[in-house]
Amino acid sequence: MAKNTQKLHGKDLRQLGFTDDKQISLALDILDQRELRKLDKGSALALLRDIKADPFKYVRDQVWRPLAQELVPQPSRDVALNPSIKDYRRYGDAFIEDGARKQMDTAMQLPVTIDGALMPDAHQGYGLPIGGVLAVDNAVIPYGVGMDIGCRMALSVFDVPPRYLEQRRDELKKLLHNHTRFGNKEVFKNPADDPVLERPEFREIGVVRGKREAAISQLGSSGSGNHFVEWGIVDITAEDNELNLPLGQYLGLLSHSGSRGLGAAIAQHYTKVAMNKCPLPPEARYLAWLGLDTQEGQEYWAAMNLAGDYASACHRDIHRRLAKALGQDVLAKVENHHNFAWKEELPDGRQAVVHRKGATPAGAGVLGVIPGSMTAPGFIVRGRGERDSIQSASHGAGRRLSRTQAKQQVTEGELRRLLRDQGVELIGGGLDEAPMAYKDIHQVMAHQRDLVDVLGSFTPRIVRMDAGGSGKSRYGGE
């Protein structure tokens with residue numbers, strides 16, 4: 001029998017302040033799971049104490065999510081939702097899951113909502129669904145922005161023919177090993193400096209002040225999950241491409257990551273503040289907002305923009321390190337971000353705060369990159385400024401399977417064979433990020449032809465991701 005279930009009882013949890021029998025039973029059931037049975041009593045109690053003290057930290061944890069959701073304070077229903085759902089446009093509606101539609105429906109009932117749209121890569125998240133675009137009046141929703149504030153794509157195109165990928169494959173793999181860092185434990189011994197680290201917000205905002213040292217050490221590193229740095233082939237297919245690149249193929253470097261621990265701390269803190277100040281019904285509680293005419297709203301807005309700039313600085317450092325190591329000139333760059341809020345003027349002239357959670361800005365002439373998966377191409381796009389989508393497009397292919405479902409339904413052999421057949425080498429990664437877990441990027445792009453023009457593509461060839469959360473498996477890599 002497991003150590004913790006032998007020694008840990010309801011009375012132990014009550015001494016920690018647990019008073020609800022359902023929560024106690026849930027905690028003991030989770031501790032009885034195989035991966036947690038080796039915890040000794042002291043470690044189990046310390047973990048439960050931390051979860052009770054700050055359940056927001058665990059609402060995205062696959063194991064502890066049920067308990068964390070129970071522990072998040074339930075606000076009284078002081079702020080009512082509108083009885084009717086405002087009309088909004090859904091792109092690719094036939095293959096958007098019900099959970100995402102229901103979340104977006106709820107967002108369209110908020111008293112502050114002006115307009116909304118749901119992108120074809122949409123799937124269920126927290127608060128606003130991934131792929132949700134929401135325009136509101138003079139307010140900002142921390143969970144409408146999301147946990148990984150300012151997460152973004154960055155592409156560098158090099159003056160190098162694509163055959164370099166095959167001729168120097170081992171060298172390129174080594175460059176990824178030496179000049180990228182992933183997850184919570186990997187950082188550079190001597191991180192680069194950047195002006196963003198001297199911003200006054202690090203002195204003026206409490207939650208940000210406490211994260212400055214971590215921000216310094218994590219600069220230039222990438223997160224876990226679906227974050228990556230990869231070499232691939234850029235194929236420019238549109239003569240009028242704004243990148244000033246002739247038609248043809250080039251070596252490309254594509255990265256996807258966000259604001260690391262800094263962004264997560266900001267999201268957690270201000271979501272708590274918003275939920276206390278704006279108590280909503282249970283189905284909408286993660287959509288609590290802060291007015292931009294309040295001190296808390298102004299603080300969050302400043303912290304959010306800092307986190308976005310910090311995420312950009314991380315990508316800048318990644319691309320600087322690899323371009324220097326490669327010893328080649330960069331011909332063109334494209335960078336775009338999601339998980340953010342912008343002050344924009346809507347087509348009818350109204351001023352709004354537009355949240356794009358897992359959605360790409362696609363204003364007229366705005367460039368971006370929409371990735372597929374580790375074996376599917378991504379696309380370099382130019383926004384068309386479509387009114388119905390609130391000048392937005394998808395931020396990727398979007399998940400078809402949750403992480404848990406992917407681990408249950410995809411085998412290591414299947415992933416290894418697919419990578420081999422597609423000529424892709426994966427360093428790190430895991431089953432939760434298998435290409436089968438994602439929607440067909442070509443279908444997604446077909447549903448947003450009115451939103452973006454395609455200027456070219458990026459096809460991955462050598463992919464590095466975090467290995468820490470996936471059993472340190474390296475399918476087809478070193």
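Helices, of at least four residues, and strands, of at least two, are DSSP runs numbered from the N terminus. The model shown in every view is predicted.

**Figure 1. Overview of the predicted protein chain.**
The chain holds 17 helices and 17 strands. Its C-alpha atoms fill a box of roughly 70 × 60 × 45 Å along the principal axes. The radius of gyration is 22 Å, which agrees with the value near 23 Å for a compact globule of 478 residues. Buried residues account for 58% of those 478. Of the contacts between residues at least 6 apart in sequence, 77% join residues at least 24 apart. The accessible surface is about 20200 Å². Carbon and sulfur atoms contribute 44% of that surface.

**Figure 2. The annotated pair His-256 and His-338.**
An unreviewed UniProt entry lists His-256 and His-338 under "binding site". The two are spread over 83 residues of sequence, yet they cluster in space, with a largest C-alpha distance of 10.8 Å. His-256 sits in strand β7, residues 248-257. His-338 instead occupies the loop between β9 (330-337) and β10 (340-345). How much of His-338 is accessible? Its relative accessible area is 2%, so His-338 counts as buried, the cut-off being under 20%. His-256, at 6%, is buried as well.

**Figure 3. Surroundings of His-256.**
Setting aside neighbours within four places in sequence, His-256 contacts Cys-151, Arg-152 and Met-153. Asn-226, His-227 and Phe-228 are also among its contacts. So are His-315 and His-338. Which backbone oxygen does the His-256 side chain reach? It is that of Asn-226, at 3.1 Å.

**Figure 4. Surroundings of His-338.**
Beyond neighbours within four places in sequence, the contacts of His-338 include Gly-150, Cys-151 and Arg-152. Arg-356, Gly-358 and Ala-359 are also in contact with His-338. Two histidines, His-256 and His-395, belong to the list too. His-338 therefore touches a residue annotated as "binding site" and one annotated as "active site".

**Figure 5. His-395 and its polar partner.**
The UniProt annotation "active site", from an unreviewed entry, covers His-395. This residue lies in the loop between β15 (392-394) and α15 (403-409). His-395 is buried, with a relative accessible area of 14%. Which side chain makes a polar contact with that of His-395? Asp-121 does, at 2.7 Å. Residues up to four places away in sequence aside, His-395 also touches Ile-130, His-338, Gly-358 and Ala-359. Thr-360, Ile-370 and Pro-371 are further contacts of His-395.

**Figure 6. Asn-339 in the β9-β10 loop.**
Asn-339 is in the loop between β9 and β10, as is His-338. Asn-339 has a positive phi of about 50 degrees, although it is not a glycine. Most residues other than glycine have a negative phi. Asn-339 is buried at 11% relative accessibility. A polar atom of its side chain lies 3.2 Å from the backbone oxygen of Asp-148. Other contacts of Asn-339, leaving out neighbours within four places in sequence, include Val-145, Ile-149, Gly-150 and Cys-151. Arg-356, Lys-357 and Gly-358 are in contact with Asn-339 too.

**Figure 7. Asn-244 in the β6-β7 loop.**
Asn-244 lies in the loop between β6 (228-236) and β7. Its phi is near 60 degrees, a positive value in a residue other than glycine. Is Asn-244 buried or exposed? At 73% relative accessibility, Asn-244 counts as exposed, because the cut-off is over 50%.

**Figure 8. Arg-464 in strand β17.**
Arg-464 is part of strand β17, residues 452-464. With 7% relative accessibility, Arg-464 is buried. Its side chain makes a polar contact of 2.9 Å with the side chain of Thr-180. Arg-464 and Glu-230 are 234 residues apart in sequence. Their C-alpha atoms are 6.0 Å apart in space. Contacts of Arg-464, other than neighbours within four places in sequence, include Leu-176, His-177, Phe-182 and Glu-186. His-227, Phe-228, Val-229 and Ile-427 are also in contact with Arg-464.

**Figure 9. Helix α14 and the residue after it.**
Helix α14 runs over residues 295-326. Its 32 residues should span 46 Å at 1.5 Å a residue. The end C-alpha atoms are 47 Å apart, which agrees. Gly-327 follows α14. The phi of Gly-327 is positive, near 75 degrees.

Note on methods:
Residues are numbered from 1 along each chain as its sequence is written. This is a predicted model: local features need pLDDT of at least 70, side-chain atom pairs count only at pLDDT 80 or more; totals for chains, interfaces and linings use all residues. Side-chain values use heavy atoms; hydrogens and water are left out. UniProt positions are given in the numbering used here, feature names are shortened, and annotations may be inferred rather than shown by experiment. Buried means under 20% relative accessible area, exposed over 50%, partly exposed in between (1.4 Å probe, protein chains only). Contact means heavy atoms within 4.5 Å. A polar contact is a pair of N or O atoms within 3.5 Å; within protein, one must be able to donate a hydrogen and the other to accept it, and residues adjacent in sequence count only if both atoms are side-chain atoms. The expected span of a helix is 1.5 Å times one less than its number of residues. The radius of gyration is taken over C-alpha atoms; the globule rule is 2.2 Å times the number of residues to the power 0.38. Accessible areas come from the Shrake-Rupley method with a 1.4 Å probe; for residues, only the protein chains shown count as cover.
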